Amino acid sequence: MNGRGKSDCPVVPTKPSNNGAVAVTGPAEGVEGRGQPKGNQGEQTRSRAQLRSDLQPALDRVRQAAVSDRRRQFTTLWHHVYNQDRLREAYLGLKHDAAPGVDQVTWRSYGEQLAANLADLSARLQRGAYRAKPVKRAYIPKADGRQRPLGVTALEDKIVQRATVEVLNAVYEVDFLGFSHGFRPGRSPHQALDALAVGIQQRPVNWVLDADIRGLFDAIDHGWMMKFLEHRIADRRILRLVRKWLRAGVSEKGEWSPTRVGTPQGAVISPLLANVFLHYVLDLWVCQWRRQDARGDVIYVRYADDFVMGFQHQDDAQRCLQALRARLAKFGLELHPEKTRLIEFGRFAAERRARRGEGKPETFNFLGFTHSCGKTRKGAFTVHRRSIAKRVRATLRAIKQQLRRRMHAALTEVGKWLRSVVRGWFQYHAVPGNGPSLNQFLTQVERLWLRSMRRRSQRGRRRWDWSRFHRLARRWLPRPKILHPYPNTRFHVAHPSVAHPR
């Protein structure tokens, strides 16, 4: 803490260590353990866990070197990337049923001759014959009805990108700051939510800036991206590899077009590149502004391109917002005008607004939850978090469409599918205080399922009364239950040094 009562940088003063940090909720990009692919059982004599344990010491040495010298440039990382065991581990970590890219090669077909394919890939990487393939453009619907562009990468590009991310993480996890949570090993959205709630509740926050960077992945400047990488990476082969992916172009409906800016949303390498870009453009700048320009307390939590800042003083918030726009514009970025708001928030917001006759404090959305000012049963200030209503409605619409497609499927099949959907929703949204939203979500799912059951036949309405359906729903659908601890409990486990702030 400095003389004004502010820590030097992040809202999370102590970032988890890189060699076994406490990760209560699991990694942000956790990979499930996967079975052996058909057709190559004899070629894979070691499990993924064995592969990782064999490969980890090499990256541990890289990490130790990065810790010992924060300005060191790494010149010999290439051999870690083309290592066949690392490529095999990267292949095993990919989704088995992912859509193929422009090469039309699937995970299973590649695995039929895995040893030969990886040996050939490794050889091409070593002699410089590897060529990045264009990214196939695909679109998925957004909650507001628009289409979100995604890039479907060719399988071998996914393998090499995943191996490269593993190597670069050993360097950049040392550099990344504690308030950056998105797409990092050992980090999760709930850790970002915990940090934000604890920051607002324990620090003198009176104003909140809810910000979103407009089209980050499509706006990353290639020139600046390479300059930022060169701060730490001096291995020309690694830099050349990244440049190949940035310039690979996009294939849409069979037509190729060049990419002069941006990195494909959906590519394995893109989240890491975005974090590196924002580390230099935003995170370090926030640290400096907070230390040199702010009069009062400032908190900051970022998850990918979505971030929230809390301020003690309104003039700090206004000056920071103005300076932030100029800072982002310098690097070709801008704040989304519709998703960026400065609002009065905090323990005194309701009282102050009531004196001015302005009604309840405004709310803001972050990582799937609407945050509002509230009180505990004992009357203390707290941050209430409820599932965003728009997201709930969008999810229910998707469930309704799927139930129509599965209307005549077996009850067991539909029950298993619906149970997995509801359980997945609860696992993310079952935070303290969100019980009413969970109950409402389950009730709406049950109504949709009952309506679908009644439409299966002309006698469906008579056969499926509510009492009979209720027994079916109780059998297949999990009951709402709070699964996550209170934010301060989990936050203080992960960051014991701030459990009792001075």
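Which residue follows α5, and what sign does its phi have? Gly128 follows the helix, and its phi is positive, near 80°. Keep in mind that this is a predicted model. The tour below takes in two open antiparallel sheets, helix α5 with its buried side, a buried arginine in α13 and a set of aromatic pairs.

**The four-stranded sheet**

- Reading across this open sheet, the strands come in the order β6-β7-β3-β8, and the pairing is antiparallel.
- At the edges sit β6 (298–303) and β8 (341–344), each with pairing on one side only.
- From one strand to the next, the twist averages 15°.
- Helix α11 (residues 270–292) packs on this sheet, where it touches β6 and β7 (306–311). Its direction makes about 175° with that of β6.
- On the β8 side, β3 (residues 207–212) pairs with β8 over four bridges in the antiparallel sense. One bridge to look for has Val208 partnered with Ile343 in β8.

**The three-stranded sheet**

- Here the order is β9-β10-β11, again an open sheet with antiparallel pairing.
- The edge strands are β9 (364–366) and β11 (381–387), and each of them pairs on one side only.
- The twist averages 40° from strand to strand.
- Seven bridges join β10 (residues 369–375) to β11, in the antiparallel sense. His371 stands opposite Arg385 of β11.
- Helix α7 (residues 189–202) lies across β9, β10 and β11, and runs at about 150° to β11.

**Helix α5 and its buried side**

- α5 covers residues 114–127, which makes 14 residues. From first C-alpha to last it reaches 20 Å, close to the 20 Å expected at 1.5 Å a residue.
- The buried residues in α5 are Leu114, Leu118, Leu121, Ser122, Arg124 and Leu125. Because they cover an arc of only 160° around the axis, they end up on the same side of α5.
- What do they pack against? The partners are α2 (78–81), α3 (84–92), α4 (107–111), α6 (155–175) and α10 (236–246).

**Arg353, a buried arginine**

- Arg353 has its place in helix α13 (residues 349–356).
- With a relative accessible area of 11%, Arg353 falls under the 20% cut-off and so counts as buried.
- Leaving aside residues up to four places away in sequence, Arg353 touches Glu344, Glu358, Gly359, Lys360 and Pro361.

**Aromatic pairs**

- The count comes to 19 aromatic pairs, with ring centres within 6.5 Å as the rule.
- Tyr300 and Phe307 make an edge-to-face pair, because their planes are at 75°; the ring centres are 5.8 Å apart. Both rings belong to buried residues: relative accessible area is 2% for Tyr300 and 0% for Phe307.
- The rings of Trp466 and Phe469 are 5.7 Å apart at their centres, and with planes at 40° the pair is tilted.
- Trp466 and Phe469 are three residues apart in helix α18 (residues 466–476), so about one helical turn separates them.
- Is each of these two residues buried or partly exposed? Trp466 is partly exposed at 42% relative accessible area, whereas Phe469 is buried at 0%.
- Ring pairs also link Trp224, Phe228, Phe277, Tyr280 and Phe331 into a cluster.

Conventions: Residues are numbered from 1 along each chain as its sequence is written. This is a predicted model: local features need pLDDT of at least 70, side-chain atom pairs count only at pLDDT 80 or more; totals for chains, interfaces and linings use all residues. Side-chain values use heavy atoms; hydrogens and water are left out. Two strands pair if DSSP finds at least two bridges between them. Axes are lines fitted to C-alpha atoms, for helices over the stretch in contact, and angles run from 0 to 180 degrees between N-to-C directions. Contact means heavy atoms within 4.5 Å. The expected span of a helix is 1.5 Å times one less than its number of residues. Buried means under 20% relative accessible area, exposed over 50%, partly exposed in between (1.4 Å probe, protein chains only). The arc is that of the directions from the helix axis to the C-beta atoms. Rings of Phe, Tyr and Trp (its six-membered ring) pair if their centres lie within 6.5 Å; planes under 30 degrees apart count as stacked, over 60 as edge-to-face and the rest as tilted.
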